[in-house]
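Please explain how the backbone and selected side chains are arranged in the model shown here. The account should move from strands and turns to surface and buried positions.

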Amino acid sequence: MTKENVQGAGEEEQQAQSKKALKKQQKEAEKAAKKAEKQAKLATEQQEADEDDFAKDRYGICPMVQSQQKLDRALVRVQDLTPEKAEQQIWVRARIHTSRAKGKQCFLVLRHQQSTVQALIAVGDRASKQMVKFAANLTKESIIDVEAVVKKVEQKIESCSQQDVELHVERIFVISQSEARLPLQLEDAVRPEGEGDEEGRATVNQDTRLDNRVIDLRTTTSQAIFRLQSGVCQLFRDTLINKGFVEIQTPKIISAASEGGANVFTVSYFKTSAYLAQSPQLYKQMCICADFDKVFCVGPVFRAEDSNTHRHLTEFVGLDIEMAFNYHYHEVIDSITDTMVQIFKGLRDRFQTEIQTVNKQYPSEPFKFLEPTLRLEYKEGVAMLRAAGVEMGDEEDLSTPNEKLLGRLVKEKYDTDFYVLDKYPLAVRPFYTMPDPNNPKYSNSYDMFMRGEEILSGAQRVHDAQLLTERAMHHGIDLEKIKAYIDSFRYGAPPHAGGGIGLERVTMLYLGLHNVRQTSMFPRDPKRLTP
Amino acid sequence: MCRIGFRCIKMALRELSSLERFLGLKKPNKYSTQGGKKVPVLQNNNGPALIGLVTIASHLVHEAKRPELLGNSAEQRAIVQQWLEHRVTRLDNCSKEEVKVILKELNQYLEDKVYLAGNVFTLADILMYYGIHHIVVELAVQEKELYLNVTRWFDHIQHYPGIRNHLPPVVVLRNRVYPSSHH
């Protein structure tokens, strides 16, 4: 290549480059012009919008409620919106559950706890185009105040809980706005598992729910579950108070592990360590020795068990009973089973709405029980299992699969989901269990089952200091560590028995749910410490 | 490996002696085994040796003059052969994963049949019962209810006079204990 050619090529390049630069400049100029045009258009549109908005003061975002004023305004609850209120103009505070805009109309579904109602904003003499657009753009879950006229509807609105009315909105204000991106969608969170798979729609998995518990708890199902759980607690208390029991509070920070060394949480206690109570066992019994006769307590129980199952939590609420009896521990069993039956009846009679709500997402058979409660001896249970082909020893403890199978066999034979298994083998019970007077291989102890899963373990306790010492030695327990416990029986102790249930497990089994985390508001397990 | 093989030999030989007893054959035969898989062999005075469980079992049926146990029509005979094949090629020594498949297929097959060949009891039922026993005896109550037709057929065969012999009975409950929605 000659020098001239190279030069020539260079010039051509330069020319080509300037052509490119020119084209680029042109494009940029065009872009800028378009942008300016657009901005100008928006500005005029906005002006127009402001000018034509006759409903400007009937909607908007309220300043944060900092208790600026005391408004004497009654807010009606969604669940109270019935045909009786037809034609009334009322104010409602609720969340935006869903919103759907269609031309000149916007349909909102407003939700409060378990109730939902349809609301309509339509362009007319009360609402402007801008107001309808404002409503359509509100984010889901935002809390709004709405002034509306309650209207009767001819066709039932199947998708809402309030099926016979709808709200015709006059004014709409936002009290608390929600961020647009929700960590989970509430419709997905209440969708039954099977339906999700069939229609290819999403359901929310448990970890996501638990990580965003605040939103998950807003679902109708969660609202129902925890309202029912509150009922269990209340019925437990009411029934026992009526039977003459006294409610006690026991310490949770204790100096020695009560059930057994392995499953206990240690906490630092000033210059030394202490433990979190695995059960109120020791203190219940001490109350009996202090002549309180019949006591119960409701409080947290801490078990440091590294069990990642559907029914174990590291912290749960224990409902515990202890009772002095006259001559036979069956007096106590009868008292406990009657309490359970009163709870089941109370739930069945007063919480049907909640039970039905939960069943919509988690279908299950209604809970069945007998009056008086079915009581089988351990030996009978073993015989039933053997008749079904299970091989097990006379003094062997029941494994979880065998417990479940026995539950099914009992259901099939007696038609009950709740029963007591009495006279467990002594070898598989704690050291403070009273042995059977007629057969040293067995004990005066019992378990109670709901839907084939254990909910209560109880027994007549050894109330004699000497026998207690023997039993403790037999189990290889360090007597020094339980000296205070044994001492409580030295100064006259009545014969007594008791047992404890887990609130979360009982709620789960009553409703036929399958994971105890569904019935624990902020569950704790080996892998979860928050929220 | 060796241990499993040994159990199989013992079982195969016990099966054959059970079969002899059922068929009412007075003189028990003496069997040997061959090969790595320890296949049973019957040395015959009249001709070549008979090799294999199915071959020997069929021979015993002819010896006992009970040809109906191999099927009454061409179609039935074919079905019986098919199940005898199934027993030694798919059922014997199947892996854990295959067990579920085998049970599911058998359950579907038996939905509208009393016996494997339809309405008649044949050698197919006997050898399939012997071959599947060790699986069914381990099933939980819920699984036995899941494979309802297999359990029904199995219970029927194990109660057939003269069949069970060397095998322990498997408990089958009269009523369903798990609601069908459980599955």
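In which loop of chain A is Phe270(A) found? Phe270(A) belongs to the loop between β10 and β11 of chain A. The model under discussion is predicted, and this loop offers a convenient point of entry.

The two strands beside the loop, β10(A) and β11(A), the latter spanning residues 272-276, pair in the antiparallel sense over four bridges. Within this pairing, Thr272(A) of β11(A) stands opposite Tyr269(A). Phe270(A) itself has a phi near 50°, which is a positive value in a residue other than glycine. Such a value merits attention, because most residues other than glycine have a negative phi. The side of the question that concerns solvent is also settled: Phe270(A) has 78% relative accessibility and therefore counts as exposed, the cut-off being over 50%.

The same loop leads into a wider arrangement. An open sheet is formed by three strands of chain A in the order β9-β11-β10, with antiparallel pairing. β9 (253-254) and β10 (266-269) of chain A are at the edges and have a single partner strand each, so one side of each remains without a neighbour in the sheet. In general terms, strands of a sheet pair through backbone hydrogen bonds, either parallel or antiparallel.

Chain B supplies a further set of antiparallel strands. Strand β1 (residues 31-34) of chain B is joined to strand β2 (residues 39-42) of chain B by four bridges, and the two run antiparallel. Ser32(B) stands opposite Val41(B), which lies in β2(B). Four residues lie between the strands of this hairpin, in which Gly35(B) takes a positive phi near 75°. On to the next strand: β2(B) pairs with strand β3 (residues 50-51) of chain B in the antiparallel sense, here over two bridges. Val41(B) has Ile51(B) as its bridge partner in β3(B).

A positive phi also occurs at Asn165(B), where the value is about 45° although the residue is not a glycine. Asn165(B) is located in the segment after α7 (148-158) of chain B. With a relative accessible area of 35%, Asn165(B) is partly exposed.

The backbone of chain A contains cis peptide bonds as well. Glu371(A) and Pro372(A) are joined by a cis peptide bond with omega about 0°. Pro372(A) sits in the loop between α10 (352-361) and β14 (374-377) of chain A. From Thr530(A) to Pro531(A) the peptide bond is likewise cis, with omega near 5°. Pro531(A) is placed in the segment after α15 (503-511) of chain A. These bonds are worth noting because most peptide bonds are trans.

Attention may now turn to charge and burial. Glu193(A), Glu195(A), Asp197(A) and Glu198(A) form a negative surface patch. Of these residues, Glu193(A) is placed in helix α4 (residues 193-199) of chain A. Glu193(A) counts as partly exposed, because its relative accessibility is 49% and exposed means over 50%.

Is Leu19(B), in helix α1 (residues 2-23) of chain B, buried or exposed? Leu19(B) has a relative accessible area of 1% and is therefore buried, since buried means under 20%. Between Leu19(B) and Val80(B) there is a separation of 61 residues in sequence, while their C-alpha atoms are 16 Å apart in space.

Conventions. Residues numbered from 1 in each chain as written. Chains lettered and ligands numbered in written order. Predicted model: local features only at pLDDT ≥ 70, side-chain atom pairs only at ≥ 80, totals over all residues. Heavy atoms only, no water. Pairing = 2+ DSSP bridges. Patch = residues over 30% accessible without salt bridge, like charges linked within 9 Å, V, L, I, M, F, W, Y side chains within 5 Å. Areas by Shrake-Rupley, 256 points an atom, 1.4 Å probe, with all protein chains shown as cover. Salt bridge = Lys/Arg side-chain N within 4 Å of Asp/Glu carboxyl O. Lys, Arg positive; Asp, Glu negative; His and termini not counted. Charge placed at Lys NZ, Arg CZ, Asp CG, Glu CD. Buried < 20%, exposed > 50% of the residue type's maximum accessible area, 1.4 Å probe, protein only.
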